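Subject: Structure for your files, with notes

Dear colleague,

Here is the structure I said I would pass on. My notes follow below it.

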Amino acid sequence: GELVERLIRHREDEILTPLLQFCRGHLDAHSNNPNDFELCANKDGALFVLGMLSDDLLRLDPAQEGRTKKSKKRTENLKSGVSVEELLVNYVDRDLSSSVAFLRCRALWIYEKVAATVKLSSAGSVGAACRRCVQLMADPELPVRVQ
């Protein structure tokens, strides 16, 4: 995690776009074959990287304008291509009910990272995500309950 933070801090203009494309590739690969355990592990890693970049993603998402603590103005060329809501709806929400425990745990972690600052357009999706998070407090896997 610290490596990702330092890379972005010192080389954001060179690293951020390829890193986001790399993560997106792993998320899409898992969507095409969600039962492949190796792809589940890759998705977990991609979500970890995206969680470490959550402040940057919120800063770059036009729908989240003014919702972050940081005020960097670099990487303006990415603003139109980053959507935290799309990430949550298309890739993270479905993991809240995944049969793979570590993906359920990572989905909760992602929500923990962005919940205080993200602004979602649909109140229904917010409510559904909250209900699923609360339901996971009774998950049979201890790490999921703790997260």
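What percentage of the 147 residues in the protein do buried residues make up? The figure is 41%. Please bear in mind throughout that this is a predicted model.

Overall fold

The protein has seven helices and zero strands, so its pattern along the sequence reads α-α-α-α-α-α-α. Of the contacts between residues at least 6 apart in sequence, 64% join residues at least 24 apart.

Helix H5

H5 covers residues 101–114. Its 14 residues reach 21 Å from the first C-alpha to the last, close to the 20 Å expected at 1.5 Å a residue. Because 10 of those 14 residues are buried, H5 is largely enclosed by the rest of the structure. The buried ones are Leu103, Arg104, Cys105, Arg106, Ala107, Leu108, Trp109, Ile110, Tyr111 and Val114. Their cover includes H1 (2–32), H2 (37–52), H3 (54–60), H4 (84–92), H6 (123–135) and H7 (142–146).

Leu103 belongs to H5 and counts as buried because its relative accessibility is 0%, with the cut-off for buried at under 20%. Beyond its neighbours within four places in sequence, Leu103 is in contact with His30, Cys40, Lys43, Asp44, Asp95 and Ser98. Its C-alpha is 9.1 Å from that of Leu47, a residue 56 positions away in sequence.

Helix H2

The 16 residues of H2 should span 22 Å at 1.5 Å a residue, and the 23 Å between its end C-alpha atoms agrees with that. Buried in H2 are Leu39, Cys40, Lys43, Asp44, Ala46, Leu47, Val49, Leu50, Gly51 and Met52. H1, H3, H4 and H5 are among what covers them. Three of the contacts of Leu103 listed above, namely Cys40, Lys43 and Asp44, are thus among the buried residues of H2.

Helix H3

Leu58 is a residue of H3. Leu58 counts as buried, because its relative accessibility is 1%. The C-alpha atoms of Leu58 and Val118 are 7.1 Å apart, although 60 residues separate the two along the chain.

The cavity

How many cavities of 30 Å³ or more does the structure hold? There is one, and the largest cavity has a volume of about 50 Å³. Its lining consists of Leu50, Gly51, Ser54, Leu57, Val84, Leu87, Leu88, Ile110, Lys113 and Val114. H2, H3, H4 and H5 each supply at least two of the lining residues. By type, the lining divides into seven nonpolar residues, two polar and one charged. Leu50 and Gly51 of the lining also appear among the buried residues of H2, as Ile110 and Val114 do among those of H5.

Cysteines

The structure holds zero disulfides. Cys130 is in no disulfide, and the nearest cysteine sulfur, that of Cys133, is 6.4 Å away; the cut-off for a disulfide is 2.5 Å, so this pair does not qualify. Cys130 counts as partly exposed, at 45% relative accessibility. Cys23, with a relative accessible area of 0%, is buried.

Regards

How values were computed:
Residues numbered from 1 in each chain as written. Predicted model: local features only at pLDDT ≥ 70, side-chain atom pairs only at ≥ 80, totals over all residues. Heavy atoms only, no water. Helix = DSSP H or I, 4+ residues; strand = E, 2+ residues; numbered from the N terminus. Expected span 1.5 Å × (residues − 1). Buried < 20%, exposed > 50% of the residue type's maximum accessible area, 1.4 Å probe, protein only. Contact = heavy atoms within 4.5 Å. 1 Å grid on protein atoms, 1.4 Å probe; cavity = no way out; pocket = protein on both sides within 12 Å on 5 of 7 lines; lining within 4 Å. Points joined across faces, edges and corners; volume = space filled by probe spheres on them. Nonpolar A, V, L, I, M, F, W, Y, C, P; charged D, E, K, R; others polar.
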